[in-house]
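Biologist: I'm new to reading protein models, so could you walk me through this one step by step? Let's put it on the screen.

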Amino acid sequence: EIPSNNGEFIESHFIALGAEESRRSDGSAVDLFKFRTGSSLLKNMLGFIELHYMEKLTLDKLARETGYTSGYCSKVLKQATGENFNDFLNRKRIQKVQEILSDKTVKKTLQEILYDCGFEYTSTYYRNKSKLKL
């Protein structure tokens with residue numbers, strides 16, 4: 001199930017990253033507040049994705065924005081979210097599509113909504129929705 005809002009979506013990834021950090025440190029407790037505020041690269045990456053998910057966003061573009069290599073950004077994102085960049089981005093886009101579709105005041109076609117959320121083709125949306133089991 002997709003978290004109901006962006007804050008929950010991002011928070012769930014910080015919790016997963018904190019759990020992984022705890023596992024790596026033999027089960028030691030992790031202060032999620034300190035952990036969350038100390039992970040500036042991840043915050044920058046998630047923030048950039050949040051602001052640009054509707055564009056033709058690539059891992060290389062994200063890496064240039066953060067000043068790290070695409071390989072390192074990929075590793076950090078995978079560790080934090082359990083997903084590769086493309087799956088994470090498509091999950092974000094699908095979440096946005098579902099939010100807009102649930103708003104009965106929106107008077108756009110599905111194709112318009114998909115395009116506004118970063119999907120050039122309807123088939124790409126459905127393929128990723130099926131792949132990510134959403």
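Biologist: Where is the place of Lys133?

Modeller: Quick housekeeping: residues are numbered from 1 along each chain as its sequence is written. This is a predicted model, where local features need pLDDT of at least 70, side-chain atom pairs count only at pLDDT 80 or more, and totals for chains, interfaces and linings use all residues, while side-chain values use heavy atoms, with hydrogens and water left out. Helices here are DSSP runs (H or I, at least four residues; strands are E, at least two), numbered from the N terminus. With that in hand, Lys133 sits in the segment after helix H8 (122-131).

Biologist: Is Lys133 buried or exposed?

Modeller: We go by relative accessible area: buried means under 20%, exposed over 50%, and partly exposed in between (1.4 Å probe, protein chains only). Lys133 also has a positive phi of about 55° although it is not a glycine. Its relative accessible area is 72%, so Lys133 is exposed.

Biologist: How many helices does the chain have?

Modeller: Read along the sequence, the pattern is α-α-α-α-α-α-α-α. There are zero strands, and the helices come to eight.

Biologist: At what angle do the axes of H3 and H5 cross?

Modeller: Two packed helices are described by the angle between their axes and the distance between the axes. Axes are lines fitted to C-alpha atoms, for helices over the stretch in contact, with angles from 0 to 180 degrees between N-to-C directions. The axes of H3 (residues 40-52) and H5 (residues 70-81) come within 10 Å and cross at roughly 90°.

Biologist: Which residues of H5 make the contact with H3?

Modeller: Contact means heavy atoms within 4.5 Å. From H3 come Leu41, Leu42, Met45, Leu46 and Ile49, and from H5 come Tyr72, Cys73, Val76, Leu77 and Ala80.

Biologist: Thr66 caught my eye; which residues is Thr66 in contact with, leaving aside its neighbours within four places in sequence?

Modeller: Thr66 belongs to helix H4 (residues 59-66), and at 18% relative accessibility it counts as buried. Leaving aside those neighbours, Thr66 is in contact with Leu41, Met45 and Cys73.

Biologist: In which helix is confidence lowest?

Modeller: Confidence means pLDDT, the predictor's own score for each residue, from 0 to 100. The chain's mean is 85, and 79% of its residues reach 70 or more. Confidence is highest in helix H7 (residues 110-116), at 97, and lowest, at a mean of 58, in helix H2 (residues 32-38).
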